[in-house]
Amino acid sequence: MKKIFIFSAMMIAISSTAYAGTITATVNGLVCAFCATGIEKTFKKQPAVEHIKVDLENKLVTINTKPRQNLDDNTITQLLTDAGYSVTAITREK
Amino acid sequence: MGYKKHSIIFTLLFIGSAADAKPVSYVDGTMVMQENDETGHTISMDYTLTPHYAVGWYDKWEENEKSRKDFSVHGPEFNTLIRRWNMADGQTNIFNSSSIGVAEGSGKTRSAAWTSFLADYETRRIFTSYEVRGMFADTIDKSILQRARVGFAPYKAGYEDVATWLMIQVDDHPSKTDIFVVTPLVRLFYKTALVEIGYSSNNHIMLNWDLQF
């Protein structure tokens, strides 16, 4: 019985993690870390955001959302625009 | 107030302009800046309200080389991002900063107003900027001063790296003893902390820093 309980708990945990999404935005105007930190701080204020990474070389902003939470494209575009950048593409993966 | 005194105050304001940190950053961002250079000591703080507007406060103190008299200027600044072009490998901006404040000198306090236009273009390896600033204080008196910078980064710094820039700044301030001043400088920054160290052609050390949070 105990093993079944542990197995069930693990399955629930794995299932929850699977809901977390990875969103990648391609951004124009991303030229320095000084500016890119603005993106990081802006997105970290969003309750749905678990982690954010800025890749200056490839001009990508990768956003990991929390389990069962999401950021729609319009919100992402608005947040990046507020930070001073232009979005050229948004891709998602589960 | 005579033309020369106006010009001195104007010069203080111009040279005391931002160390090329952008006057409008990200929404809800605050920037503190302190500068020490041939013109004196400056401290300012700006808060970005929207993607296009920021407000702040500016203070500058200087001891005039000739008269040995102290001057200072103080006032709120209103910064506007007039236009930004985001490109795949670069960014171009045009900013305006304007203020109405006070100038103090020789035991007197006078009203003052100033405005500046700053244009910049930067990639991860190249930086250029040009600023023109005008000043009005007390009576009808206009002055124009200019500042230009060019720089390059010897390497492309990543997000987690310390970025290094080698720059040359040229100031044209006709009202000063040294009309043209050239300042080679090194800029270092890590994320939102920036330091600039230079030495001017009229033998003054430049030490500027910015912190954004």
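These exercises, each with a worked solution, deal with a predicted model of two chains, A and B.

**Exercise 1. Taking stock of the chains**

Task: State how many helices and strands there are in chain A, and give their order. Then do the same for chain B.

Solution:
- Step 1. Start with chain A. Three helices and four strands are found there.
- Step 2. Read chain A from the N terminus. The elements run α-β-α-β-β-α-β.
- Step 3. Turn to chain B. One helix and twelve strands make up its secondary structure.
- Step 4. Read chain B from the N terminus. The order is α-β-β-β-β-β-β-β-β-β-β-β-β.
- Step 5. Add the burial. Of the 94 residues in chain A, 29% are buried. Of the 213 residues in chain B, 43% are buried.
- Step 6. Add the contacts with a separation of 6 or more. In chain A, residues 24 or more positions apart account for 63% of them. In chain B, such residues account for 43%.

**Exercise 2. The sheet of chain A**

Task: Find the order of the strands in the sheet of chain A, and name the edge strands.

Solution:
- Step 1. Trace the sheet. Its four strands come in the order S2-S3-S1-S4, and the sheet is open.
- Step 2. Check the direction. The pairing is antiparallel.
- Step 3. Look for strands that pair on one side only. These are S2 (49–55) and S4 (86–93) of chain A, the edge strands.
- Step 4. Note the twist. From one strand to the next, the average is 20°.
- Step 5. Zoom in on one pair. S1 (residues 22–28) of chain A and S4(A) are joined over seven bridges, in the antiparallel sense. One bridge links A:Ile23 with A:Arg92 in S4(A).
- Step 6. Place the helix. H2 (residues 33–44) of chain A packs on the sheet and touches S2 and S3 (60–65) of chain A. The directions of H2(A) and S2(A) make an angle of about 170°.

**Exercise 3. Helix H2 of chain A**

Task: Decide whether H2(A) is mostly covered or mostly open, and say what its buried residues pack against.

Solution:
- Step 1. Get the length. H2(A) has twelve residues. From first C-alpha to last, the helix reaches 16 Å, close to the 16 Å expected.
- Step 2. Count the buried residues. Ten of the twelve are buried, so H2(A) is mostly covered.
- Step 3. Name some. Among them are A:Phe34, A:Cys35, A:Glu40 and A:Phe43.
- Step 4. List the partners. In chain A, the buried residues pack against S2, S3 and H3. In chain B, they pack against S9, S10 and S11 (193–199).

**Exercise 4. The nonpolar cores**

Task: Find which elements supply the largest nonpolar core, and which one gives the largest share.

Solution:
- Step 1. Find the centre of contacts. The largest core has 31 residues. Those touching the most other members are A:Cys32, A:Ala33, A:Ala36, A:Ile39, A:Val61 and A:Leu80.
- Step 2. List the elements with at least two residues each. Chain A brings S1, H2, S3 and H3 (73–82). Chain B brings S9 (163–172) and S10 (180–190).
- Step 3. Pick the largest share. H2(A) supplies six residues.
- Step 4. Follow one member. Beyond four places in sequence, A:Leu80 is in contact with A:Ala25, A:Val27, A:Ile39, A:Val61, A:Tyr85 and A:Val87.
- Step 5. Do not miss the second core. This separate set of five residues includes B:Val24, B:Ala54, B:Leu81 and B:Leu118.

**Exercise 5. Where the chains meet**

Task: Say how many residues of each chain are in contact with the other chain.

Solution:
- Step 1. Count both sides. The contact involves 22 residues of chain B and 21 residues of chain A.
- Step 2. Sort the chain B side by class. Ten residues are nonpolar, eight polar and four charged.

**Exercise 6. Buried or exposed?**

Task: Classify B:Gly56, A:Arg68 and B:Lys191.

Solution:
- Step 1. Take B:Gly56, in strand S3 (residues 53–63) of chain B. It has 22 other C-beta atoms within 10 Å, and 20 or more are needed, so B:Gly56 is buried.
- Step 2. Take A:Arg68, in the loop between S3 and H3 of chain A. It has 11 other C-beta atoms within 10 Å, and the limit is 12 or fewer, so A:Arg68 is exposed.
- Step 3. Take B:Lys191, in the loop between S10 and S11 of chain B. B:Lys191 is partly exposed because it has 17 C-beta neighbours inside 10 Å.
- Step 4. Check phi. A:Arg68 has a positive value near 60°. B:Lys191 has a positive value near 55°. Most residues other than glycine have a negative phi.

Definitions and conventions
Residues are numbered from 1 along each chain as its sequence is written. Chains are lettered from A and ligands numbered from 1 in the order in which they are written. This is a predicted model: local features need pLDDT of at least 70, side-chain atom pairs count only at pLDDT 80 or more; totals for chains, interfaces and linings use all residues. Two residues are in contact if their C-beta atoms, placed from the backbone, lie within 7 Å. Ala, Val, Leu, Ile, Met, Phe, Trp, Tyr, Cys and Pro count as nonpolar, Asp, Glu, Lys and Arg as charged, and the others, Gly among them, as polar. Two strands pair if DSSP finds at least two bridges between them. Axes are lines fitted to C-alpha atoms, for helices over the stretch in contact, and angles run from 0 to 180 degrees between N-to-C directions. A nonpolar core is a set of buried Ala, Val, Leu, Ile, Met, Phe, Trp, Tyr and Cys residues joined through C-beta atoms within 7 Å. The expected span of a helix is 1.5 Å times one less than its number of residues.
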